[in-house]
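Open the model in your viewer and keep the sequence panel beside it. The stops below can be taken in order, selecting the residues as they are named.

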Amino acid sequence: MKKRKLLFIVLMGYILIFSGCRASSENLSEPLSDKEIRMFNETFFNGSTDNMNNQMLASEYDQPANIDLFQLFYNGNGGAAGQVSEEEVALLTESYSEAPVLDIVKVTAEEMNAVLVEKTGVQLEETQQKGLGNFYYLEQYDSFYNIAGDTNFNWCTVTSGVRQSGRELILEYTKENEDGQWRVVLEETDDGYLFVSNTKIEQGH
């Protein structure tokens with residue numbers, strides 16, 4: 001009886017030690033290598049001014065549902081951006097007289113939804129639709145339009161990063177045309193990365 005009790009105690013000890021080690025290892029954070037940082041700077045971000053990953057950094061959000069859609073799609077998404085018909089221009093001119101002499105960026109609701117699902121895993125109808133009202137909308141085309149002569153694209157530089165427990169990555173970065181430092185959280189998937197949040201780092205944090 002004593003032997004069985006002793007064996008039970010020993011087994012429980014091994015289980016606790018193993019569980020503790022596993023829990024401890026799962027909570028560890030591992031710095032990203034220079035090669036990984038370079039990949040984010042040269043491949044995942046930047047590269048060209050139509051990189052939607054850079055646009056995912058154009059606004060601050062604590063969860064994908066709160067992303068500013070106007071900032072995200074300010075420059076379109078490279079899909080239907082140049083496919084604006086004369087009829088669409090005429091309809092937009094009724095709301096904004098200078099439309100014919102400015103750049104008109106078009107994004108269909110379907111394209112918005114596809115980008116959001118790809119980049120965040122969240123559908124358009126699941127978001128707070130923040131900033132969506134800043135676009136001109138034509139119901140017959142189910143499309144959103146930004147009429148402007150500028151861009152909000154910003155180059156970024158990832159300065160450091162860590163891989164947290166599971167598949168979470170935390171990157172800190174700077175923007176070329178803005179002061180300060182930001183932190184973007186990504187979730188690693190089998191196909192790439194999903195954006196979880198993007199916030200500005202307060203001084204002292």
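Select Glu-36 and show its side chain. Glu-36 is partly exposed, with a relative accessible area of 24%. The model you are looking at is predicted.

Now add Arg-163 to the selection. Arg-163 has a relative accessibility of 18% and counts as buried, because the cut-off for buried is under 20%. Glu-36 and Arg-163 form a salt bridge, and their closest N and O atoms are 3.1 Å apart. This pair joins distant parts of the chain: Glu-36 sits in helix α2, residues 34-44, while Arg-163 belongs to strand β5, residues 156-163. In sequence the two are 127 residues apart. Side chains of opposite charge can pair when their charged atoms come close.

Keep both residues selected and add Glu-188. Which residues are linked in a network of salt bridges here? Glu-36, Arg-163 and Glu-188 are.

How many salt bridges does the structure hold? The count is 7, and the next two stops show others.

Clear the selection and pick Glu-88 and Lys-106. They form a salt bridge, with the closest N and O atoms 3.0 Å apart. Here, too, distant parts of the chain are linked: Glu-88 is in helix α5, residues 86-95, and Lys-106 is in strand β2, residues 103-108. The separation along the chain is 18 residues. Are these two residues buried or exposed? Both Glu-88 and Lys-106 are buried.

Next, select Glu-118 and Lys-119. These residues form a salt bridge whose closest N and O atoms are 3.7 Å apart. Colour the two separately. Lys-119 counts as buried at 13% relative accessibility, whereas Glu-118 is exposed, with a relative accessible area of 51%. Glu-118 is called exposed because its value is over 50%.

The last two stops concern the backbone. Select Gln-129, in the loop between α6 (109-120) and β3 (136-138). Gln-129 is not a glycine, yet its phi is positive, at about 55 degrees. Its relative accessible area is 38%, so Gln-129 is partly exposed.

Finish at Asp-142. Where is Asp-142 placed? Asp-142 lies in the loop between β3 and β4, the latter covering 143-148. Asp-142 is not a glycine either, and has a positive phi of about 45 degrees. With a relative accessible area of 37%, Asp-142 is partly exposed.

Definitions and conventions:
Residues numbered from 1 in each chain as written. Predicted model: local features only at pLDDT ≥ 70, side-chain atom pairs only at ≥ 80, totals over all residues. Heavy atoms only, no water. Helix = DSSP H or I, 4+ residues; strand = E, 2+ residues; numbered from the N terminus. Buried < 20%, exposed > 50% of the residue type's maximum accessible area, 1.4 Å probe, protein only. Salt bridge = Lys/Arg side-chain N within 4 Å of Asp/Glu carboxyl O.
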